[in-house]
Amino acid sequence: MRLPCPLCGWRDEGEFAFEGPAMDWPSLDAPEAEWVEAVFLREQPRGRTEELWRHAPGCGTWLVIERDNVSHEVHGARLARPGEEKALLKKDRRA
Amino acid sequence: MAEGVSVKLRPAGPLWEAEFWPGAAKAGAARIAGALDGEPPAPGASLVAGGARLWRAGPVRWRLWGGEGAPPEALAWIGPEEGAVAELGRGLACLELRGPAAREALARAVALDLREAAFPEGAVAAAGYRGAAVTVLRAEGDGCDLLVPLSYAESFAGALERIALRLR
Amino acid sequence: MSGFRLGGGPLDGAEAVAFRWRGREMTGLRGDTLASALMAGGVRLVGRSFKYHRPRGIMSAGEEEAGALVTLGEGARRTPNLKAPVVELEPGLAAAPQNCWPSLEMDAGAVNGLLSPFFAAGFYYKTFMGPFGGTRAWMFFERFIRRAAGLGAASEAPDPDLYEQVHGHCDVLVAGSGPAGIAAALEAAEAGLDVVLAEQDFETGGDLLADRDRSALGAAREALAAAGVRVMTRAMVFGVYDHGVAGIAERLPAGGAVRERLHVMRCARIVSATGAIERPFVFGDNDRPGVMGAEAARVYVRRFGVAPGRRVAVATTNDSGYAAALAMAEAGLRVTLLDSRERAPEAAAAAAAEAGVEVMREAVPVRALGGMPGGAVRGLVVGRHAGGGRARPVSRLDVDALAVSGGWSPTVHLSSQARARPVWSEDQLSFLPAPGEVIACGSAAGVWTREGCEASGRAAGREAARGLKASRKKALEAPEAGGWEVAPDAVWEVSAKGRKLKGFVDPMHDVTAEDIRLAHREGFERPEHMKRYTTLGMATDQGKVGNVVGLAVMGAAQGAGIEALGTTTFRPPYAPVSLGVFAGEHAGADWAPVRRTPFHAMADAAGAVFVDAGRWKRSWYLPRGQEGLRAASMREAAMVRETVGVCDVSTLGKFRVQGPDAAEFLDRVYSNLMSSLPVGKARYGFMLREDGMVFDDGTVWRLGEADFLVTATTGHAEHVEAHLSRWRVRWPELKVAVADVTEAWAGLAVAGPRAREALGRVAGGDISDDALPFLGVREMEVAGVPAMVARISFSGERAFEVYARPADAEALWDGLVGAAEAEGGGPYGLEALDLLRVEKGHVTGREIDGRLTLADLGMPGMASRRKDFIGKALLGREGLADGNRPRLVGLRPAEAGAEVQAGALLYAPGEETGFGLGHVSSIADSPHLGARIALGFVRGGLERWDGRMVMAKDPTAGRDVKMTVVSPVFVDPEGERLHG
């Protein structure tokens, strides 16, 4: 499998670490129930889904990759840190 | 060994990393590159000036390899309101691969597209080499430099030397 | 017997190649395969079959070979189960048959054939796993059965050869160098693309190699070179993976540095021009030596100049048999052609007849007759074909070879691997590749003519170029599947009324048509069930010849067509690939990379013995004289308690956390407060996982207002880096940067009552209690090099950690070790460090196993109530507040010196069942106490068990040891040594 790093281009899966679903985490002061939900009660979506990956060992950047987990088709990638995504101009994108 | 590749292990020397807070990234990059009389290089490319080489290591991260000063002048202006600067070169080693088969040897180590069009002169790429994060830089001629964590250096040098022996 | 080499063949005049078969010297020609050389030398019996030990000869000229499986090489280089038709003949090659005892001709196992009614599909399961014998009977009989059945035996010696892996990239990968592949490669290359053409054979050309006139082949090779196509031979595209990744296994000629090479090729487009495989059909004794594929017979004659026999029958159900008959007749062999059909392709039939072929229509073989030595074919019973395989025996034909064509199966493997499910074509009687990521062309797409294949290849090359925007030319129309003059005949199995025929569907696994009907009768009707019940297609050829026939036989039993059944899924590899190819260089010295600390060479010179800790080589102990691990580590630990020791701590994870929000960030990731830490001070801290469990412990040093250094345990360094980085992404509002500086600092710990004196000998700054109190951090010169000194202790002694640039490691080591030696101490290793920390009750990864809370470790106070942090929300879960959770305790064997291992389970005396109270996590022989001590976990902890006896049970070692529960801090519970 190959995955796109917006900064480095398409690279082998072995250069990436899977980090679970791209989801919003509760704030640290959120009630226990919200954390139980986030840590233990995850959705198991089939098909097109957003996942958090890290290009490591590589440039180390955190990515949200939209991917179909059945066909493995990749629909797009963006940087997981909103500020970084903004800092990456269109001409800087390699994938 | 004109046909093959040679491998030399040496200390990387000073390598500074500057990380900007996202809002300061664009201006910061321009200022660093400006100090080197150039434009910020595109991802995968590098700016060589004054004995130093500058490239983009992340969306808001830049690496400056070489140059004088601690930190070098191009980065000395960066304070807590702009970002952070750290010296990483002391923890890195440089594996110099020289000779026409340098990229052929590298293709046995990293999964990068090293064809001329994809990895021309000045090219830089971050990659994984057996689980360690390394940086591959196109050096003069057909050569390449591989920046590796110091602890792996001897092991990787040995592996690349064994590869080089086969490519003689 | 000899003299099967035909005169005037393409290998005429080639260099002679000496090789050995069963230890006998033989000679072939450069350009031969092992199979063609054996055939030329008159060898017909090549092996014995898997189950019934039936004699087997050469059946094909390719990877689909199901008969001629051989073992190559000797000693450590012995490789079993290679297919003779794809083994390139090289000087000195040594090959031997397999699965025969005591000899190939006199095989004791052949008695299995007489008992075959008992060895039908499912026999083993029913007999040995049923209610009577049960699994115990299977266990007893298994070793005999395993010995009787099977293939060759692999060498048990380490493989002495080198394998390597190469990463490649290309625009277009074309698999297969026949007419279609060449056309596709040229078309794509002419559009300016970077094209790799991979051919599994040692020569390019595919079907062109069987041309009488080789001029087309020569021209094609020149054109490929001129177009800049990267041509690889002996290179099999064995697998296609997601996103255009292809695996190519390349065999290298003998004598080189590397034996085989794996190319992991990333391709923008993949073209499959892998051709088609001729399949047999079933008739009586169709597995005899001398029965082979018709196309194979043509290839042996045309490419190698070898005759499969002198008097040959060709039995075909389709037009292709005529080309084989013609080739053999032109080579001077006597040929009779049996066509199952009423109508023959006119021109081909006329050409064959003119060349002297006797053509019989509506004729099929009913049974191959044996009798020649080794059971080879000496004739056949010819039947008049009444359609659908039903035949009436009418005559006998004396032949010494029988070439069979039961139709063609396009090699759809690569397309299918890319998840395009093959589609059955009733017209072509073939599974055809479905459109998908892999572009199939030529015979691999069911195109049967030379012109069609070339056009198909061109169209595929154009499609690839257009897809990559390298060509603006309009798409070429690819020829549709087909090209036969007369439709192929759906003959799968020949039956004759009143005759019981033993015919094989899968000759490699000895699966008969009757086995498949048995599977049907017993309800295993789906292809996947049939496969597992009969083992059809599970041999090393993975059903290349047998699957379609097997499906047809199953279909007939069900009264359904193949399209209703579908096929099994093809998965990589296309054909067997050596395990060495996947291991690559990752063996021996390169099995895994090794990490060495900056002090490695110095510790080595000091006589250190190293231990693997993850990828690190850590200094384990530094023996004096004949000391072993135990003696040396106990001496070193005692040295630290009595004088001073120096230990390499460079492997600790180290992270520079900088930015105006760095303190806030650390408050969020550590359970205890970090923002209150003054500049120039360090603090011990815990990180919790999101679920509240302890994740890692380490220290935080405040170097500046917005500048921290964080340390993590060696084993968790990478996880901690990822954890910090991950949460930084989740808090975009924080201005904080985390840099991994693990490798940037070389660190030595100086510990012991004389630590200050030792450090003082080489320190360039003030290290008095006032200047550097407990947990103080200062920069100063040490041993003449710039360093950072922190007063931190892991051993419980007064101790300092000194960090410097890796480049200054030697100066630091020499200075500090020399100073320690001057104070009566010296260096110590990881084992002594472990003894010291167990004595102090300090936890490490042995204790922090991901299942424990701070309270379980006896440190509930480390969870701050004044701020929020990762893990806090779930720390309050009801179950975690249970006072009866296993808690950290110390343990001492009731009898001095009693053996007990970490991992032993702890029970209340008299209640030694179930999960018990907890477990032993660490053991040490304390030099300080002169006694064996342990850390562990007991439900209820010290509060309930202090001073009481528990039973440590170690079922794997068969030991029960009584232990007393005590405080986990065995040495200096008041901390006087630390501060004193």
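Visitor: Over the face of which residue does C:R948 lie?

Guide: A charge counts as sitting over a ring if CZ of Arg is within 6 Å of the ring centre and within 35 degrees of the ring normal. In this predicted model, C:R948 lies over the face of C:W945, at 4.1 Å from the ring centre. A lysine case is C:K502, whose charged end sits over the ring of C:Y52, 4.7 Å from its centre.

Visitor: How many aromatic pairs does the structure hold?

Guide: Over all chains there are 22 aromatic pairs. One of them is formed by B:F20 and B:W77, which are stacked, with 5.9 Å centre to centre and 25° between the planes. B:F20 is in strand β2 of chain B and B:W77 in the loop between α2 and β6, 57 residues apart. B:F20 is buried at 1% relative accessible area, whereas B:W77 is partly exposed at 22%.

Visitor: Which rings are linked into a cluster?

Guide: Ring pairs join A:W25, A:W35, C:F665, C:W727 and C:W731.

Visitor: Why do the buried residues of α1(B) lie on the same side?

Guide: An α-helix has 3.6 residues a turn, so residues three or four places apart point the same way. In helix α1 of chain B, residues 25-35, the buried residues are B:A25, B:G28, B:A29, B:I32 and B:A33. They cover an arc of only 125° around the axis, which puts them on the same side of α1(B).

Visitor: What is on the other side, and what covers the buried residues?

Guide: On the other side, B:K26 and B:A27 are exposed. The cover of the buried residues includes α2 of chain A and, from chain B, β2, β3, β4, β5 and α2.

Methods:
Residues numbered from 1 in each chain as written. Chains lettered and ligands numbered in written order. Predicted model: local features only at pLDDT ≥ 70, side-chain atom pairs only at ≥ 80, totals over all residues. Heavy atoms only, no water. Buried < 20%, exposed > 50% of the residue type's maximum accessible area, 1.4 Å probe, protein only. Helix = DSSP H or I, 4+ residues; strand = E, 2+ residues; numbered from the N terminus. Arc of directions from axis to C-beta. Contact = heavy atoms within 4.5 Å. Phe/Tyr/Trp six-rings, centres within 6.5 Å; stacked < 30°, edge-to-face > 60°.
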